[in-house]
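Q: Could you take me on a close look at the empty spaces inside this protein? I'd like to know what lines them and what sits around them.

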Amino acid sequence: MAEQSINRRILALALPAFAALVAQPLFLLADTAIVAQLGTEPLAGLGAGATITSTLVGLMVFLAYGSTAVVARQLGAGNKRKALGLGIQAMWLAVALGVVLGALTWLASPWLLTWLGVTGEVHAQALTYARWSLPGLPGMLLVLAATGTLRGLADGRTPMVLAIAAASLNVVLDLLLVFGLSMGIAGSGAATAIAETAMGLTAAWVVRRGARRAGAAMAPTVSGMRSSLVVGGPLLLRTLTLRGALVLTTWVAAGKGAAALAAHQVTWNIWGFLNFALDAVGIAGQTLIGLALGAGALDEVRALVRRMLWWSLGAGMVLGGGIIALRGPLASLFSPDAEVRVGVTTTLLVIGCTLTIAAYVCLADGILIGAGDGRYLARVGVLNLVAYVPLAVAVARWAPAGIPGLVWLWLAFSVGFMGMRALTLAWRQRSDAWLVSGA
């Protein structure tokens with residue numbers, strides 16, 4: 001396979017994937033900017049209420065990753081009808097999970113917010129946002145399953161267009177409901193629910209149209225949904241271990257003082273955005289590896305891995321260098337506090353120097369997801385978390401308070417946790433155990 005052809009295929013999937021990844025956080029950014037005009041309590045309530053829905057959606061990301069892998073593999077093997085049939089079942093599973101989880105979370109929201117430490121007027125505002133946005137959870141999960149199916153079909157453009165359109169609709173609805181109809185924070189929650197539902201239904205319609213043309217079954221089946229759950233179960237465990245590491249890191253940062261926690265929050269958001277960019281190549285890898293393995297083209301798989309590795313590491317070095325160069329202005333942009341700026345500047349230096357590790361992890365993770373190697377990812381996810389816990393606890397106990405302790409924490413996370421992930425992923429890729437060809 002010619003290198004130019006490989007590069008075109010990678011870019012054709014990675015660029016729209018990046019645009020779609022960035023479009024999704026715009027939902028919350030729009031909510032934040034608009035709700036901020038209502039006052040401090042509504043803004044704080046938005047932060048707490050949105051934590052509930054974003055955590056649920058984050059845990060259910062296996063609906064997208066699992067769909068991409070199985071649909072791409074079946075399509076590569078020439079089984080387009082089966083590929084679309086599996087996507088349809090994943091969407092039915094997403095709706096079922098969304099209805100059940102949405103209802104349970106709606107009932108449990110007061111307790112969950114109290115557990116998060118939210119009280120008083122902020123608790124009331126957060127509960128209002130959560131309960132108005134949770135009806136959109138089935139649509140949010142439907143977006144994941146439909147997006148995964150479309151990516152498995154090597155269609156990165158449709159999810160991108162839908163994500164941008166939904167983010168734009170959310171802004172319009174936010175303004176109309178929050179200010180035009182004077183609904184306050186309830187309007188912001190309703191806007192998100194409506195926009196996500198519209199996006200989910202539109203994405204499902206696109207998949208359904210293709211499935212009908214291919215002659216795939218439309219009705220939900222217990223066996224079909226169970227199959228999607230079996231594929232996604234290990235990826236759910238993998239995601240839980242990642243979330244556990246993130247929560248542990250924030251807990252340690254909170255123990256280092258207010259300035260350290262504030263600096264950590266800024267650094268964390270920047271690190272998250274950088275990972276969106278790096279994840280785009282990994283998402284392209286999910287599709288391309290699944291298609292090639294489904295077709296039994298092992299030489300093509302190896303060529304794709306080599307080329308994507310160069311793309312990923314190159315992106316890591318460029319982004320890392322950019323963060324190192326811009327760490328000062330970024331720190332000044334996000335905080336007027338001198339101590340917080342020092343913390344952001346120093347931790348961004350750590351991120352810039354170690355971003356190639358994260359770049360490799362994002363790519364290798366995507367490759368193994370595309371290969372359907374979810375069980376291995378789940379097992380080593382637990383191993384990586386177990387290895388990180390003593391590092392984080394050591395920082396919590398023995399590292400100094402304030403910014404110096406925060407720097408030690410980011411070294412433990414960027415080198416310790418992410419380095420452990422890189423080692424376990426590289427170990428797997430060195431073997432041929434994940435190179436299972438065919439449908």
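A: Counting the cavities of 30 Å³ or more in this predicted model gives 3. Let's go through two of them, then step out to a pocket.

The largest cavity has a volume of about 80 Å³. Its lining is made up of Phe62, Leu63, Gly66, Ser67, Val70, Leu86, Ala90, Leu93, Ser228, Val231 and Gly232. Which helices do these come from? At least two lining residues each are supplied by α4, α5 (80-115) and α10, and α4 has the largest share, with 5 residues. Sort the lining by type and you get 7 nonpolar residues, 4 polar ones and no charged ones.

Now for the second largest cavity, with about 70 Å³ of space. Around this one you'll find Arg238, Asp365, Leu377, Val380, Gly381, Asn384, Arg421, Thr424 and Leu425. Here α14 and α15 (403-430) each bring in at least two lining residues, and α14 gives the most, with 4. The mix of types is an even split: 3 nonpolar, 3 polar and 3 charged. So the lining of the second largest cavity includes charged residues, while that of the largest cavity has no charged residues.

While we're at α15, have a look at Arg428, which lies in that helix. Is Arg428 buried or exposed? Arg428 counts as buried because its relative accessible area is 16%, and the cut-off for buried is under 20%. Setting aside neighbours within four places in sequence, Arg428 touches Leu368, Asp373, Tyr376, Ala433 and Trp434.

Next, the pocket. The second largest pocket has a volume of about 370 Å³. It has 20 lining residues, and the closest to its centre are Val70, Ser227, Val230, Val231 and Gly372. Two or more lining residues each come from α4 (62-76), α10 (222-254), α13 (338-370) and α14 (374-398). Of these helices, α10 makes the largest contribution, with 7 residues. By type, the pocket lining holds 10 nonpolar, 7 polar and 3 charged residues. Did a couple of those names ring a bell? Val70 and Val231 are among the residues closest to the centre of this pocket, and they also help to line the largest cavity.

Aromatic rings are worth a stop too. The count of aromatic pairs comes to 9. Ring pairs join Trp268, Trp271, Tyr388, Trp410, Phe413 and Phe417 into a cluster. A ring can have a charge over it as well: Arg131 lies over the face of Trp106, at 4.0 Å from the ring centre.

Last, two loop residues with an unusual backbone angle. Most residues other than glycine have a negative phi. Ala154 has a positive phi, near 65 degrees, and is found in the loop between α7 (137-152) and α8 (157-180). With a relative accessible area of 40%, Ala154 is partly exposed. Ser182 also has a positive phi, near 55 degrees, and its place is in the loop between α8 and α9 (185-214). Ser182 counts as exposed because its relative accessible area is 62%, where the cut-off is over 50%.

Methods: Residues numbered from 1 in each chain as written. Predicted model: local features only at pLDDT ≥ 70, side-chain atom pairs only at ≥ 80, totals over all residues. Heavy atoms only, no water. 1 Å grid on protein atoms, 1.4 Å probe; cavity = no way out; pocket = protein on both sides within 12 Å on 5 of 7 lines; lining within 4 Å. Points joined across faces, edges and corners; volume = space filled by probe spheres on them. Nonpolar A, V, L, I, M, F, W, Y, C, P; charged D, E, K, R; others polar. Phe/Tyr/Trp six-rings, centres within 6.5 Å; stacked < 30°, edge-to-face > 60°. Lys NZ or Arg CZ within 6 Å of the ring centre and 35° of its normal. Buried < 20%, exposed > 50% of the residue type's maximum accessible area, 1.4 Å probe, protein only. Contact = heavy atoms within 4.5 Å.
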